[in-house]
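Here's a quick tour of some charged pairs, plus one loop residue at the end. Have the model open and follow along.

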Amino acid sequence: MDQGDKPTINDVARLAKVSKKTVSRVINNSPQLSDKTRKHVESVIEEIGFVPNPQARALALRRNFIIAAVHDNPNAQFLVNVQKGVLEALEGTDFGLLVQPVNRRSPTIAQDFRDFLERQRPYGVVLLPPISENNELAKICREFGVRYIRMASAKVDKPEQMVRSNDRDAVRQAVIYIAQQGHKRIALIEGRRNSRSALERRKGYEDALGQAGLAINEELIEQGGYTFDSGVEAALKLFNKASRPTAIFASNDEMAIGALIAARRKGIEVPRGLSIVGFDDTPMANHVWPALTTVRWPIVEMGRIAALKLMAKPDDPPISESLLPSQLVTRDSVAPPPEE
């Protein structure tokens with residue numbers, strides 16, 4: 001190798017006294033090698049400063065160095081947070097991020113997803129909620145030999161294929177906190193009932209009422225769509241009840257902030273006349289007035305762990321974090337109920 005020339009894969013093979021194919025297998029993390037051979041070739045690569053060509057690696061693997069985040073989620077802040085976490089994991093690597101929307105209600109979703117994998121050939125896929133609940137999409141990933149991680153609020157796959165949060169228990173703690181302030185008419189603005197996260201959060205709400213000795217009143221439950229407007233609409237319906245709630249738990253911050261605005265329109269003071277708690281801990285939760293008490297969903301960290309799991313090499317230490325707990329963040333939007 002001439003002085004000043006960039007080392008090539010041929011130089012590595014010659015100095016390591018192995019075939020070019022063996023070097024390629026080391027670069028592409030093939031399991032078809034002994035640890036002794038892998039470490040020997042890696043030491044030569046490090047010694048001469050060889051840098052693999054990403055395009056050549058992609059051709060060898062018949063995969064692009066792309067991590068695809070596949071979603072059908074109307075919550076823009078959720079997607080921003082997922083991207084932040086994934087990009088933190090990808091920093092300094094050859095990988096890039098592709099965000100791919102799909103329509104979970106489409107009758108052609110399975111074929112559309114197959115076409116996407118065939119066209120883009122991603123290295124790995126992060127299936128975001130509620131798409132992550134679709135077992136057919138996970139099966140298609142396995143058919144294509146594409147690594148995948150499912151992000152969800154409950155167990156939907158093997159631990160090595162998952163990153164999940166404890167939504168049910170986190171919501172239970174949040175609603176118990178509301179009850180401990182003295183509230184008995186605690187309303188729920190839930191998410192779409194065909195999503196697992198909405199189901200888990202409703203179960204947490206019901207668990208808390210049972211623990212507090214309060215009956216479940218369907219009159220105090222309204223459905224939203226995880227959007228600001230749906231939060232406004234659901235809260236206005238609750239305010240028109242014969243016996244309106246003194247507190248509202250909303251299944252995400254956008255709906256909680258919608259409820260806060262709806263209260264202002266009705267002249268209801270928060271928190272003296274109405275307590276509100278959300279879920280997510282988005283930046284807006286701390287910027288509205290009063291600052292929103294909410295459940296901090298570790299979505300950035302979940303995105304980061306999902307990407308690290310996808311990129312892990314065969315000899316890397318296993319990433320054990322598959323359950324990342326959510327935590328209640330108390331601010332200014334909760335107070336004891338008004339005296340009657």
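What follows looks at salt bridges, then at burial, then at a single threonine.

Keep in mind that this is a predicted model. Going by side-chain nitrogens of Lys or Arg within 4 Å of a carboxyl oxygen of Asp or Glu, the count is 20 salt bridges. As a general point, side chains of opposite charge can pair when their charged atoms come close. Here are three of the pairs, with their N to O distances.

| Acidic partner | Basic partner | N to O distance |
|---|---|---|
| Glutamate 136 | Arginine 114 | 3.8 Å |
| Glutamate 190 | Arginine 202 | 3.3 Å |
| Glutamate 218 | Arginine 202 | 2.8 Å |

**A helix-to-helix pair**

Let's start with the salt bridge between glutamate 136 and arginine 114. Glutamate 136 sits in helix H7 (residues 135–144) and arginine 114 in helix H6 (residues 109–120), so this pair ties together parts that are 22 residues apart in sequence. Are the partners buried or exposed? Glutamate 136 is partly exposed, at 32% relative accessible area, and arginine 114 is partly exposed too, at 23%.

**Around arginine 202**

Now move along to arginine 202, which forms a salt bridge with glutamate 190. Arginine 202 belongs to helix H9 (residues 196–212) and glutamate 190 to strand E6 (residues 186–190), so a helix and a strand are tied together by residues 12 apart in sequence. Arginine 202 is buried, with a relative accessible area of 15%. Glutamate 190 is buried as well, at 2% relative accessibility.

Arginine 202 also pairs with glutamate 218, the closest N and O atoms being 2.8 Å apart. Glutamate 218 is found in the loop between H9 and strand E7 (221–223), while arginine 202 is in helix H9, so here the tie spans 16 residues in sequence. Which residues end up in one network? Through shared salt-bridge partners, Glu190, Arg202, Glu206 and Glu218 are joined together.

**A threonine in a loop**

Last stop: threonine 282, in the loop between strand E9 (275–280) and strand E10 (293–296). Even though the residue is in a loop, threonine 282 counts as buried, because its relative accessibility is 10% and the cut-off for buried is under 20%. What does threonine 282 touch, leaving aside its neighbours within four places in sequence? The contacts are Gln77 and Asp253.

Methods:
Residues numbered from 1 in each chain as written. Predicted model: local features only at pLDDT ≥ 70, side-chain atom pairs only at ≥ 80, totals over all residues. Heavy atoms only, no water. Helix = DSSP H or I, 4+ residues; strand = E, 2+ residues; numbered from the N terminus. Buried < 20%, exposed > 50% of the residue type's maximum accessible area, 1.4 Å probe, protein only. Contact = heavy atoms within 4.5 Å.
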